[in-house]
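Student: Please take a close look at one part of this structure, the place where a charged side chain meets an aromatic ring. I am new to this model, so follow the connections outward from there.

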Amino acid sequence: MRARLVITFTLVAVTASTLVATIGFELAKTALVNRTETTSLDLVIRELSSIDFAVGKLRPGEAAPTNKELDRLAQTLSAPGRGVIIEYGDLVSVNGPMALSDVPNELYGRAKQSVVTQRRVIRNELWFIVGAGVARDNFGRPEATDLRAFVFFPMTADVNQLNALRARLFQGGIAIVLIAVVVSLLSARQVLLPVRRLSAAAQALGEGKLDTRLPVHGQDELAGLTARFNDAAAALELSVSELRSLEAMSRRFVADVSHELRTPLTAMTAVADVLSEEAGRLPEAPAQAVRLVLREIERLRELVEHLIEISRFDAGTATLNLEPVNVADAIADCLETRGWTDQVKVNASQGLTDNLDPRRFDVIVANLVGNALKHGLPPVVVNARSTENGLEVKVRDHGKGIPLEALPHVFDRFFKAGAGRSRSQGSGLGLAIARANVHLHGGTISVRTQNPGTLFTVWLPHA
């Protein structure tokens, strides 16, 4: 906006100064030229009207002008730099730098009947030529004569004055443009200062500083905009405060419920262990009911554990305890603990170590491998390698893969791709927990489809 304001001011200044300079120059040029021409013409007419020898129709006793009289007339009309040519019949008197050949033909032809003028460039200089061939009789009446007088008035001084005027106007235009640029910069700064303040305040709001307000000065449009911004910021702060309060209550509710469920779940798990031992000795129908209850208890236990873990991340209490970890051994232990060793192929160097939180790394691997085993097809492959910037772990299955429209949401809480997974054994929180643990390490996690299957890639920076 500042550039547009400066450019607009500058264009207006340039246009205005150019227009004023052009009009002023033309007016000055017209006045100067008219003054010079009028003065020159009056001089020639006055001098020709006052000649004391007969040039018109000769009367008895009158003698034709002599060369000496023509020279005297030419001398009267001459001045430094001026050219005078007097012609009467075969007599020609020249005074100054001009010759009869310099007289334009059209001017020469009309000079016998009237007083004529013309501006003409001769030898790269501008001249004002006055041609006259009219004399007056004894009664003051004009009459034709064989005498022609041509006076060349140099206009070099006028041209120099006009050039000087043009230079001054150009310098004045430059000064006006510079002043306009300075004024536009100051004006733009004055106008855009509230806008910059609004931008900074909006950025502060975006960074979470919801108590940001701006002082309101004046009663113009910018002052009204600032006032409306303050009103919007206040409303936003109130809304966000309410949302944060509701979110805190929701998190606290989830955490409290999850912790409260732990006690009955512990008892249920103990009873389930007893029931699982007795299920083999029960009739078929009660045995199936017992197995169903055992599966649902396990699913409920997993859900509660995941909710408790998620509540720690939401509350900001999740911590990272880094220590040197043998990556290959950590992956092997994760698979052995869950009974997945025979179902998963691991490609990792035995000497591969990195600084990790072993418990959280175990959760990451368990959730990714468990997701591959539940929703993909064998073989499930885990690849781990050290890169220049961090540790890279890839988990791939060879199933049907995740639909493309579901890929952006696989890490969302409680998201399950496809209707067939709505009642699956998973809680819908495993991948969300894996991503939270990866982010806690300062790393990234991504997913993309393969042909066949799905590939999850985890990158953890070297600590």
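Tutor: In this predicted model, the charged end of Arg148 sits over the ring of Tyr108, at 4.5 Å from the ring's centre. Tyr108 is partly exposed, since its relative accessibility is 26%, and buried would require under 20%.

The ring of Tyr108 also takes part in a contact of another kind. A pair of aromatic rings is described by the distance of the centres and the angle of the planes. The structure holds two aromatic pairs. In one of them, the ring centres of Tyr108 and Phe150 are 5.8 Å apart and the planes meet at 20°, so this pair is stacked; the cut-off for stacking is an angle under 30 degrees. The two partners come from distant parts of the chain: Tyr108 belongs to helix 3 (residues 105-110) and Phe150 to strand 5 (residues 142-154), with their positions 42 residues apart in the numbering. Phe150 has a relative accessible area of 0% and is therefore buried. Tyr108 thus has the charged end of Arg148 over its ring and the ring of Phe150 as its stacked partner.

The other pair is formed by Phe411 and Phe456, whose ring centres lie 6.0 Å apart; their planes are at 85°, so the arrangement is edge-to-face. Phe411 is in the loop between strand 10 (390-396) and helix 9 (430-440), while Phe456 is in strand 12 (residues 454-461), so the pair ties together parts 45 residues apart in sequence. Both Phe411 and Phe456 are buried.

Buried residues also occur in helix 2 (residues 67-77), namely Leu70, Leu73, Ala74 and Leu77. They lie on the same side of helix 2 because they cover an arc of only 100° around its axis.

Helix 4 (residues 156-206) includes Val183. With a relative accessible area of 39%, Val183 is partly exposed. Together with Phe9 and Ile179, Val183 makes a nonpolar surface patch of about 260 Å². Pro194 is found in helix 4 too, and Pro194 is partly exposed, with a relative accessible area of 22%. The C-alpha atom of Pro194 is 6.9 Å from that of Leu222, although these residues are 28 residues apart along the chain.

Conventions
Residues are numbered from 1 along each chain as its sequence is written. This is a predicted model: local features need pLDDT of at least 70, side-chain atom pairs count only at pLDDT 80 or more; totals for chains, interfaces and linings use all residues. Side-chain values use heavy atoms; hydrogens and water are left out. Patches are made of residues with over 30% relative accessible area and no salt bridge: like charges are joined within 9 Å, nonpolar side chains (Val, Leu, Ile, Met, Phe, Trp, Tyr) within 5 Å. Accessible areas come from the Shrake-Rupley method with a 1.4 Å probe; for residues, only the protein chains shown count as cover. A salt bridge is a side-chain nitrogen of Lys or Arg within 4 Å of a carboxyl oxygen of Asp or Glu. Helices (H or I, at least four residues) and strands (E, at least two) are DSSP runs, numbered from the N terminus. Buried means under 20% relative accessible area, exposed over 50%, partly exposed in between (1.4 Å probe, protein chains only). The arc is that of the directions from the helix axis to the C-beta atoms. Rings of Phe, Tyr and Trp (its six-membered ring) pair if their centres lie within 6.5 Å; planes under 30 degrees apart count as stacked, over 60 as edge-to-face and the rest as tilted. A charge sits over a ring if NZ of Lys or CZ of Arg is within 6 Å of the ring centre and within 35 degrees of the ring normal.
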